[in-house]
Every structure is written in C-alpha cells, then in structure tokens.
Amino acid sequence: MDNAVKVCAIVPVYRHENASRHVVKSLVDLNIPVILIDDGNTPEGHQVLFEIAREFANVELVTHKCNLGKGAAMRSGMDAAIVAGFTHALQVDADGQHDMKAIPFFINETKEHPEDLICGYPEYDESVPKAREQGRKITNFWVAIETLSLKIPDAMCGFRIYPLKTSWPVMKRLHNNRMGVDIEIIVRLAWAGVQMRFFPVKVNYPKDGVSNFRMFHDNVVISMTHTMLCIGMFFRLPLLLSRRLFKKK
Ligand SMILES: Nc1nc2c(ncn2[C@@H]2O[C@H](COP(=O)(O)OP(=O)(O)OP(=O)(O)O)[C@@H](O)[C@H]2O)c(=O)[nH]1
Ligand SMILES: [Mg+2]
C-alpha cells in the first residue's frame with residue numbers, strides 16, 4: 001500500500017458473529033487491517049467476536065454495550081479508523097454475502113482515485129429474495145430524484161470504500177442510526193460533490209443466512225429517509241440545477 005492511501009476495513013456486526021469470521025479471515029489474508037464493531041450482540045456473540053479479534057493480527061474490536069444500529073456501528077468504525085490514521089475505509093457487511101474476491105480491484109481503484117467513493121453494484125444470483133430486489137429498485141428511483149441525477153445505480157450496497165477526508169464530516173452528522181444509512185450517506189456525499197465509481201460485486205443470500213432486515217419496520221424507516229432526503233433536495237435545488245447546467249456547458 002502506498003503512503004497516500006491507507007485502507008482499513010470496517011465490519012459492523014449484529015447477529016452475524018459466526019459469518020463474520022470468514023469475512024475477517026478474507027480481509028486479513030489480503031493484509032487489510034480490520035475494525036470489527038460489536039453492535040450490542042449477546043454475551044455469547046461478543047465472546048465469538050472477542051476471540052476472532054484475538055486470533056487474527058490487526059483486528060481491533062469496538063464494542064457497543066447495546067444494539068444501536070448499522071449506522072451507529074459504521075460511525076464508531078469510521079471514528080476508530082480516523083483515530084488510527086487510516087485515509088480510507090472499506091465498509092463490508094459481516095454476513096459474508098459479498099464476493100471478497102472483488103476487494104483487490106476496489107483497492108486499486110481507490111489508489112488510482114483516492115478522492116472518489118468506490119461503490120459496489122450488486123450482481124445477484126437467483127438466491128436474492130424478490131421483495132428485497134424490488135425494494136432496491138424503488139430506493140434507486142427515489143435516489144435519482146433526490147440527487148437529480150442517474151449517477152447512483154445502487155444506493156444500498158454494503159460494500160464500499162469511503163474516502164474518510166470527505167466522508168467522515170458527513171457521516172458524523174447523520175442522524176440515521178439504522179437501516180437507511182447506506183442510502184443517506186451516498187445521497188449526502190453526492191450533494192457534497194464527491195465523485196463516485198460503481199463496480200459489480202457478486203452478492204448471494206445463503207439459505208441459512210441471518211438477515212436483520214425487518215420487512216415492515218425497516219421499510220418504514222427507509223421511506224422516512226427518502227422523505228427527508230426529498231425535502232433536502234428541494235433546499236438544494238439551486239445548487240443541484242446549476243451543477244447540471246454547468247456540466248452541460
Ligand atoms: N440490520 C442491522 N444490521 C446491523 C446492525 N448492527 C450492525 N449491523 C450489521 O450491518 C450489516 C447489514 O445488516 P444485514 O442484516 O445484512 O442487512 P441487509 O444487508 O440490509 O439485509 P439483507 O439484504 O437481508 O442481508 C451486517 O454486517 C450487520 O451485522 C443493526 O442493528 N441492524
Ligand atoms: Mg446483508
């Protein structure tokens with residue numbers, strides 16, 4: 001890794017302590033330091049994470065005493081990454097759904113474009129639940145309206161490399177602690193003018209996988225997030241429109 005770019009991984013974990021072992025191992029095998037966030041797991045879950053952090057070199061465990069949500073876990077992870085002097089954070093979900101073989105390519109992209117957000121674009125196989133796939137399409141439609149652009153083909157992927165210099169000031173001000181954080185951060189970074197690059201990453205849903213997604217509750221939270229972002233878009237209309245005009249010229 002060159003001097004300018006120091007990448008760590010942040011892995012928020014809630015009820016995925018067992019699946020997270022494989023994720024951590026893949027990261028450690030690639031020589032990527034890991035910040036594992038125990039987001040208020042059971043004492044047994046915490047013990048598993050504690051052992052993972054002890055077993056592998058370069059794994060730091062940050063613990064929330066109670067469950068605060070993925071957004072709060074990402075915030076704690078980015079905070080720890082900044083304190084440790086990293087310039088970029090690869091956020092990867094602990095459930096092992098994402099193809100870890102994509103990581104070297106993503107890191108190379110970060111080295112070539114250190115200012116940019118490098119985002120996964122999910123390539124599902126047939127295991128994806130149809131309702132989740134539909135939900136993503138609805139979210140992506142709203143995100144196009146909120147950013148007045150088609151530059152975000154997927155706003156929910158839990159596989160991205162964040163440039164911390166621009167992402168942390170935005171992340172630390174988010175109120176969204178739970179589901180919806182992946183959407184809110186990418187829309188706010190687009191508003192802030194951060195350039196984004198999307199690349200496919202294979203995603204699968206194992207039959208015995210644990211999902212924390214609560215169909216009713218999380219969809220309500222996501223709808224509230226879109227409502228808030230649409231209101232935010234109206235306040236930024238002059239900025240977003242002038243950016244488009246300027247780009248055309
Ligand atoms: N949903 C959820 N995830 C959390 C929480 N705290 C940490 N996480 C982690 O955030 C990541 C995303 O959670 P998932 O349950 O996979 O949610 P998802 O990927 O949107 O849903 P699926 O598409 O069903 O996998 C995982 O690494 C979780 O372990 C929390 O309170 N709620
Ligand atoms: Mg998941």
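Visitor: In which sense do strand 1 and strand 4 pair?
Guide: In this predicted model, strand 1 and strand 4 are joined by four bridges. Within this pair, Ile 10 stands opposite Gln 91 in strand 4. The sense of the pairing is parallel.

Visitor: Which residue of strand 6 stands opposite His 88?
Guide: Strand 4 covers residues 88-92, and strand 6 covers residues 159-163. Five bridges join strand 4 to strand 6, and the two run antiparallel. The residue opposite His 88 is Pro 163.

Visitor: How many of the five residues of strand 4 are buried?
Guide: In a regular strand, side chains point alternately to the two faces of the sheet. On one side of strand 4, His 88, Leu 90 and Val 92 are buried, and on the other side Ala 89 and Gln 91 are buried. Strand 4 is therefore largely enclosed by the rest of the structure, the buried count being five of five.

Visitor: How many bridges pair strand 5 with strand 7?
Guide: Strand 5 spans residues 117-124, and strand 7 spans residues 196-203. Leu 117 stands opposite Met 196 in strand 7. The two strands pair in the parallel sense, and the number of bridges is eight.

Visitor: Which residue of strand 6 stands opposite Ile 118?
Guide: Strand 5 also pairs with strand 6, running antiparallel to it over two bridges. Opposite Ile 118 in strand 6 is Ile 161.

Visitor: Which residues are the protein donors of the magnesium ion (ligand 2)?
Guide: The donor atoms lie 2.0 to 2.5 Å from the ion, one labelled OD and the other OE1. Both donor residues are buried. They are Asp 95 and Gln 97.

Visitor: What is the volume of the largest pocket?
Guide: Its lining has 35 residues, and Lys 70, Asp 93, Met 179, Asn 212 and Phe 213 are the closest to its centre. Elements that each supply at least two lining residues include strand 1, helix 3 and helix 8. By class, the lining has 15 nonpolar, nine polar and 11 charged residues. The space in this pocket is about 670 Å³.

Visitor: Which element gives the largest share of the lining of the second largest pocket?
Guide: The second largest pocket holds about 410 Å³ of space. Of its 15 lining residues, Ser 149, Lys 151, Arg 243, Arg 244 and Lys 247 are the closest to its centre. Helix 7 and helix 9 (237-248) are the elements that give two or more residues to this lining. The largest share, six residues, comes from helix 9.

Visitor: How far apart are the end C-alpha atoms of residues 220-241?
Guide: An unreviewed UniProt entry annotates residues 220-241 as "transmembrane region". In the model this span is 95% helix and 0% strand. Its end C-alpha atoms are separated by 29 Å.

Visitor: Is Arg 15 buried, partly exposed or exposed?
Guide: Arg 15 lies in the loop between strand 1 and helix 1, and its phi is near 60°, a positive value in a residue other than glycine. Its relative accessible area is 44%. The range between 20% and 50% is the intermediate class, so Arg 15 is partly exposed.

Visitor: Is Asn 31 buried or exposed?
Guide: Asn 31 is in the loop between helix 1 and strand 2. This residue also has a positive phi, near 65°. The cut-off for the upper class is over 50%, and at 66% relative accessibility Asn 31 counts as exposed.

Conventions:
Residues numbered from 1 in each chain as written. Chains lettered and ligands numbered in written order. Predicted model: local features only at pLDDT ≥ 70, side-chain atom pairs only at ≥ 80, totals over all residues. Heavy atoms only, no water. 1 Å grid on protein atoms, 1.4 Å probe; cavity = no way out; pocket = protein on both sides within 12 Å on 5 of 7 lines; lining within 4 Å. Points joined across faces, edges and corners; volume = space filled by probe spheres on them. Nonpolar A, V, L, I, M, F, W, Y, C, P; charged D, E, K, R; others polar. Donors = N, O, S within 2.8 Å, 3.2 Å for Na, K, Ca; no water. Buried < 20%, exposed > 50% of the residue type's maximum accessible area, 1.4 Å probe, protein only. UniProt positions renumbered as here; feature names shortened; annotations may be inferred. Pairing = 2+ DSSP bridges.
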